[in-house]
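Trainee: Please take a close look at one helix for me. Then show me what the rest of the inside is like.

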Amino acid sequence: MPASSIRATLVVAMASTCAAFHLPGAMPRASLGLSRTLAMTSRKSHSPLGLFPEAQSRGFPLVAQRENLKPLQASSAGGLELKGETSMPGMIANLMKNIVGSGVLCVAGGVAAATDQKAALIPAVLIAFAFAAIAGYCFTLVGRVSLMTGANSYTQGWAKTVGESTAWIPNLIVVFKTWSACLIYSMIIGDLFTDLAVTAGISTFAGIGVNRVSILIASHLFGLLPLCLLRSFSALSFASVLGIGGLLFTGVFMVMRMLDGSYLPGGKFYSALMTSGGAGTIVSSFDVMGTSPIKSLILISMLTNSYLCHYNAPKFMRELKDASISRFNQMTGAAFFGAFGLNAVYMIAGFLTFGGAAQGLILNNFATSDALATIARGAIAFSILFGYPLTFEGFRTSALEFAKVNAPTQRRKDAIAIGFIASVCMGAIVLSDLGVVVAFLGALLGSFVIYVFPSLMYRKAREIEVATTKEELGIDHTIAGALIGGGVGLGLLGAAVVFLKATTKILG
């Protein structure tokens, strides 16, 4: 996908988002400038990947050419090495798996937080598409910064553009973001294995009551800790395949239940849930509470989390075979569109089945007597269990980078693993509402990692580059500026809405 096409899609996505929200004054401005902006994006991009004199003065080699990038030789200064051997289809699959995480299980609940009207699904899907397009665009910005500066990591890209003295800011946020991702995984493990124990009729084991707390302690002590203490995680590479398979199966299963009506009044599993839950049980709810536009910010926060993978953009640039800007854009467009498609399936199927009663973790809505739901819970639970150490490795690497530890001993690595597992387990025991946690952390941290920091890095990189070439800054520089303000605003406003909803009755 050419860069001009990505920018055009981005503009349309922004206009669609404004239309979905009916923002006062926003849509007219977007409409008036749309044709002009699209015309500008159709021109050749003024973004040569040239020499950075300021970066070179710091000892950072610049490695990029315009479109065709030759493999680099190893550099003592730590330049970006483009020696990737993974094909385009393989990279698209890997990136899509990296994008799609626990957030996909929460999007139906995000819609339910704002509405119980089926017609509201149309703007909700448009918003999901808009954020996929914007997040994908920002992902390409990080890749371009890596090429322009030779940065090997997200934090290094910041250091070479914005400045080394503040590089700890994105580094620290990535540390917290990877920690929170594992916290969310732990909460899902607790919920899913609890439901599986109920289905299996296991109430005690070795004289100990089987409940969410005991399951969390046992899974972390005897499952996750040994996995995180492994000397190498290469043996867990199958987790990516298992994860995608589990998500695809769950999506198909949810569509089947939406179509067969078994959770509608009179349906087989509707009756089972009413029997087990009692007269006050609400299995599904439509056209009762109406729509609250302000609460749609909860969905936006969740969608932010659903497209988060930007700190890995330099890694994907390095691993892509025959890397170039156009090939990187093609990989990004395909993967983010695939992630949007999966989000849309979960959103539509989950909401049309349960409506306003859809929970933060959609699998919690399904009956424990539903055999397909049991298989879906097991597939998701075990894929998370074995994929967990890979996310933990991202946390440990970022934490060591933040602490400026270049050659950690195995003892230190093990100590980090033990402390990490203990802290995450305690957090999962205390917190139970997955939807609120995903939305709050997504709003606060995701907005900065996805929108604000990539845009800041690109704008600074482009300004340094143009200082010597005397070229125009270009439309991407302008778009990045808008995304900085928009990202900050969405992050703060979304977090405030989630906090108010969780702690007060202001938003119902």
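Mentor: Helix α7, residues 154-161, is mostly covered. Of its 8 residues, 7 are buried. Remember that this is a predicted model. The buried residues of α7 are Tyr-154, Thr-155, Gly-157, Trp-158, Ala-159, Lys-160 and Thr-161. Find Lys-160 in that list: this lysine is buried. After α7 comes Gly-163, which has a positive phi, near 145°.

Now step back to the whole protein. It has 18 helices and 2 strands. The chain holds 508 residues, and 52% of them are buried. Look also at how contacts span the sequence. Take those between residues at least 6 apart: 82% of them join residues at least 24 apart.

Next, the nonpolar core. The largest one has 131 residues. Leu-95, Phe-139, Tyr-307, Met-331, Met-347, Phe-366 and Tyr-388 have the most contacts inside this core. Helix α6, residues 121-149, gives the most to this core, with 16 residues.

Zoom in on Phe-139. Set aside its neighbours within four places in sequence. Phe-139 is then in contact with Leu-95, Cys-309, His-310, Ala-313, Phe-316, Phe-328, Met-331, Thr-332 and Phe-336. Two of these partners, Leu-95 and Met-331, are also listed among the core residues with the most contacts.

Now the cysteines. Cys-106 has a relative accessibility of 0%, so it counts as buried. Cys-138 is buried because its relative accessible area is 0%. The cut-off for buried is under 20%. What about disulfides? A disulfide is a covalent bond between the sulfur atoms of two cysteines. A search of the whole structure finds 0 of them.

Last, the empty space. The structure holds 2 cavities of 30 Å³ or more. The second largest has about 30 Å³ of space. Its lining is made of Phe-131, Ile-300, Ser-301, Thr-304, Ala-443, Ser-447, Tyr-451, Leu-490 and Gly-491. Three elements give two or more residues each to this lining: α12 (296-306), α17 (434-469) and α18 (475-503). By class, the lining has 5 nonpolar residues, 4 polar ones and no charged ones.

So trace it on the model in this order. Start at α7, where 7 of 8 residues are buried. Go on to Phe-139 and its contact with Leu-95. Finish at the second largest cavity, with Phe-131 in its lining.

Notes:
Residues are numbered from 1 along each chain as its sequence is written. This is a predicted model: local features need pLDDT of at least 70, side-chain atom pairs count only at pLDDT 80 or more; totals for chains, interfaces and linings use all residues. Side-chain values use heavy atoms; hydrogens and water are left out. A disulfide is a pair of cysteine sulfur atoms within 2.5 Å. Buried means under 20% relative accessible area, exposed over 50%, partly exposed in between (1.4 Å probe, protein chains only). A nonpolar core is a set of buried Ala, Val, Leu, Ile, Met, Phe, Trp, Tyr and Cys residues joined through side-chain atoms within 4.5 Å. Helices (H or I, at least four residues) and strands (E, at least two) are DSSP runs, numbered from the N terminus. Contact means heavy atoms within 4.5 Å. On a 1 Å grid over the protein atoms alone, a cavity is a set of points where a 1.4 Å probe fits but cannot get out, and a pocket is an open set with protein on both sides within 12 Å along at least five of seven lines; lining residues have an atom within 4 Å of a point. Grid points are joined across faces, edges and corners, and a volume is the space filled by probe spheres set on the points. Ala, Val, Leu, Ile, Met, Phe, Trp, Tyr, Cys and Pro count as nonpolar, Asp, Glu, Lys and Arg as charged, and the others, Gly among them, as polar.
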